[in-house]
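Here are some quick notes for anyone opening this one for the first time. Have a look at the model, then read on.

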Amino acid sequence: MVAAAGFTVDLDKPLVFQVGHLGEAYDKWVHIPIVSKNGPRFFGNDYLEMLTKTKWWVIPIVWLPVICLLVSRSLGMGLETSQVATMVFSGVLIWTLMEYTLHRFLFHVKTTSYWANTAHYLLHGCHHKHPMDALRLVFPPAATAILCVPFWSIVRILTTASVAPAVFAGILSGYVMYDLTHYYLHHGKPLDGYFHSLKRYHLNHHFKLQEVGFGITSKLWDIVFGTLPPTKEA
């Protein structure tokens with residue numbers, strides 16, 4: 001049982017429709033992590049509860065065929081292999097900026113109202129509260145598909161019919177790398193090298209300085225926008 005702002009959150013009961021009652025105390029509560037591999041129950045309804053859980057390997061199984069299909073479409077519309085490769089790389093780079101922007105400005109937005117708190121908990125707050133919950137680390141494919149619709153529309157408007165599939169394939173590739181990297185940073189055990197450094201960097205964001213260090217797959221945009229954590233903490 002955890003008490004906050006006059007409201008008591010019962011960790012033994014479904015959490016989603018409780019957290020909104022925390023009001024202004026929600027932000028502080030959600031950033032005090034509970035380190036356990038046993039995730040909480042979200043909903044009393046078993047079907048809704050099932051929809052909140054996703055195995056990490058589902059992500060490549062679902063999205064890699066889509067990526068291949070998009071690449072094939074651009075090739076079939078006349079683009080050279082080198083052109084498609086350039087567009088895919090551009091899409092990956094676009095994703096890294098999207099990853100940083102979404103994490104910094106949407107996932108870490110401050111909320112106080114009942115429904116805003118509830119939505120934030122479902123979107124990202126649950127991950128900060130239970131960072132080792134393996135079944136809620138990657139994004140459910142159905143939710144990703146819904147979010148793809150507006151992003152695809154934007155890419156289609158800003159590019160040509162032949163270029164859009166390749167660029168979007170790059171964005172999806174970046175997303176897949178992001179989700180798998182994120183899972184590995186929490187549950188993998190890199191001993192040294194790039195991923196060891198990135199794991200320390202990301203766990204620092206969870207457990208020490210949550211207002212900086214928003215990059216997951218790289219520190220690039222944290223460097224560009226000045227949100228690197230202090231050297232002694234990184």
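The points below go from the whole chain to one helix and then to a cavity.

1. A word on the basis: this is a predicted model, where local features need pLDDT of at least 70, side-chain atom pairs count only at pLDDT 80 or more, and totals for chains, interfaces and linings use all residues. Residues are numbered from 1 along each chain as its sequence is written, and side-chain values use heavy atoms, with hydrogens and water left out.

2. The protein chain has ten helices and two strands (DSSP runs, H or I of at least four residues for helices and E of at least two for strands, numbered from the N terminus). Along the sequence, the pattern reads β-β-α-α-α-α-α-α-α-α-α-α. The radius of gyration, 19 Å, is close to the 17 Å from the globule rule for 234 residues, so the chain is as compact as a globular protein of that length (taken over C-alpha atoms; the rule is 2.2 Å times the number of residues to the power 0.38).

3. Now zoom in on helix 9, where Leu198, Lys199, Tyr201, His202, Asn204, His205 and His206 are buried (under 20% relative accessible area, 1.4 Å probe, protein chains only). Their cover includes helix 5 (81-106), helix 6 (114-129), helix 8 (163-187) and helix 10 (220-225).

4. His202 of helix 9 also helps line the largest cavity, along with His103, Phe107, His124, Tyr178, His182 and Ile216 (a cavity is a set of points on a 1 Å grid over the protein atoms alone where a 1.4 Å probe fits but cannot get out; lining residues have an atom within 4 Å of a point). That cavity holds about 30 Å³ of space.

Definitions and conventions
Buried < 20%, exposed > 50% of the residue type's maximum accessible area, 1.4 Å probe, protein only. Contact = heavy atoms within 4.5 Å. 1 Å grid on protein atoms, 1.4 Å probe; cavity = no way out; pocket = protein on both sides within 12 Å on 5 of 7 lines; lining within 4 Å. Points joined across faces, edges and corners; volume = space filled by probe spheres on them.
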